[in-house]
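Hi everyone, and thanks for coming along. Today I'd like to walk you through one structure, piece by piece. Please have a look at it while I talk.

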Amino acid sequence: MNRDRLKNNLLREEGLRLKPYKCTAGKLTIGVGRNLEDRGITEATADQMLNEDITICITELQANIPKFNDHPDAVQETLVDLCFNLGISRLKKFKKTLGYIEEGLQTGNYTKAAVELLNSNYALQLPNRARRNHERLFNA
């Protein structure tokens with residue numbers, strides 16, 4: 001069997017869709033006919049997607065947060081978690097928290113940022129996650 005020829009044939013027959021869609025059988029599908037409802041994805045695929053999403057978040061943060069790479073790991077990890085959860089556009093609306101994070105780079109103290117993070121709808125909607133991010137900033 002010629003795997004490359006088979007792959008090209010399947011690409012031609014199924015097409016390539018990078019966002020989920022309903023196939024002709026009404027199943028949620030992605031990629032080259034991957035039936036997400038019946039087949040799902042493997043742990044390896046989920047890990048690959050997670051790594052890709054982390055890289056995207058880091059790139060977006062480096063482009064939008066002054067001196068992102070200069071912050072302590074705990075602050076960077078908190079910002080990646082927030083970006084991953086909220087998206088960069090919504091994260092950028094946390095002006096006070098981000099201002100305090102920038103101030104923390106100068107002072108070495110991220111307590112104000114940690115406290116301000118809890119003063120948000122985000123903290124009301126995801127209290128456990130917000131508390132963990134608060135603790136990471138508080139202890140940075």
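I'll go through the sheet, then a pair of helices, then a few single residues, and finish with the aromatic rings. One thing to keep in mind throughout is that this is a predicted model.

Let's start with the strands. If you find residues 17-22, you are looking at strand β1, and residues 28-31 make up strand β2. These two pair in the antiparallel sense, over 3 bridges. Which residue of β2 stands opposite Y21? That is T29. Another bridge has K22 on one side and L28 of β2 on the other. Between β1 and β2 there are 5 residues, and together the two strands form a hairpin. In that turn, G26 has a positive phi of about 80 degrees.

Now move along to residues 34-35, which are strand β3. This strand is joined to β2 by 2 bridges, again running antiparallel. Here I30 stands opposite R34. β2 and β3 form a hairpin too, with 2 residues between them. The turn holds G33, and its phi is positive, at about 70 degrees.

Put those pieces together and you have an open sheet of 3 strands, in the order β1-β2-β3, with antiparallel pairing. Why is one side of β1 and of β3 left without a neighbour in the sheet? Those strands stand at the edges and each has a single partner strand, so there is no neighbour in the sheet on the other side.

Before we leave the sheet, look at R17. This residue lies over the face of Y21, 4.0 Å from the ring centre.

On to the helices. As a bit of background, two packed helices are described by the angle between their axes and the distance between the axes. For our example, take helix α2, residues 43-64, and helix α3, residues 73-86. Their axes come within 9 Å and cross at roughly 110 degrees. An angle from 65 to 115 degrees counts as roughly perpendicular, and therefore that is how α2 and α3 are described. Who makes the contact? On the α2 side we find L50, D53, I54, C57, I58, E60 and L61, and on the α3 side L79, V80, C83 and F84.

Let me pick out I54, which sits in helix α2. With a relative accessibility of 29%, I54 counts as partly exposed. Compare its position with T29, the residue we met in the sheet: I54 and T29 are 25 residues apart in sequence and 23 Å apart in space, C-alpha to C-alpha.

In helix α3, have a look at Q76. Is Q76 buried or exposed? At 16% relative accessibility, Q76 counts as buried. Leaving out neighbours within four places in sequence, Q76 is in contact with F68, N69, D70 and H71.

Between α2 and α3 there is a loop, and K67 is found there. Most residues other than glycine have a negative phi. K67 has a positive phi, near 55 degrees, although it is a residue other than glycine. K67 is also exposed, with a relative accessible area of 53%.

Next comes E102, in helix α5. This residue is partly exposed, at a relative accessible area of 42%. Not counting residues up to four places away in sequence, E102 touches P66 and H71. You may remember that H71 is also in contact with Q76. E102 and V75 are 27 residues apart in sequence, yet in space they are 10 Å apart, C-alpha to C-alpha.

Finally, the aromatic rings. How many aromatic pairs are there? The count comes to 1 aromatic pair. The ring centres of F94 and Y122 lie 6.2 Å apart and their planes are at 80 degrees, so the pair is edge-to-face. This pair links distant parts of the chain, with its two residues 28 apart. F94 is in the loop between α4 (88-91) and α5 (95-107), while Y122 is in helix α7, residues 121-125. Both F94 and Y122 are buried.

That's my tour, so thank you for listening!

Conventions. Residues are numbered from 1 along each chain as its sequence is written. This is a predicted model: local features need pLDDT of at least 70, side-chain atom pairs count only at pLDDT 80 or more; totals for chains, interfaces and linings use all residues. Side-chain values use heavy atoms; hydrogens and water are left out. Rings of Phe, Tyr and Trp (its six-membered ring) pair if their centres lie within 6.5 Å; planes under 30 degrees apart count as stacked, over 60 as edge-to-face and the rest as tilted. Helices (H or I, at least four residues) and strands (E, at least two) are DSSP runs, numbered from the N terminus. Buried means under 20% relative accessible area, exposed over 50%, partly exposed in between (1.4 Å probe, protein chains only). A charge sits over a ring if NZ of Lys or CZ of Arg is within 6 Å of the ring centre and within 35 degrees of the ring normal. Two strands pair if DSSP finds at least two bridges between them. Axes are lines fitted to C-alpha atoms, for helices over the stretch in contact, and angles run from 0 to 180 degrees between N-to-C directions. Angles under 35 degrees count as roughly parallel, over 145 as roughly antiparallel, 65 to 115 as roughly perpendicular and the rest as oblique. Contact means heavy atoms within 4.5 Å.
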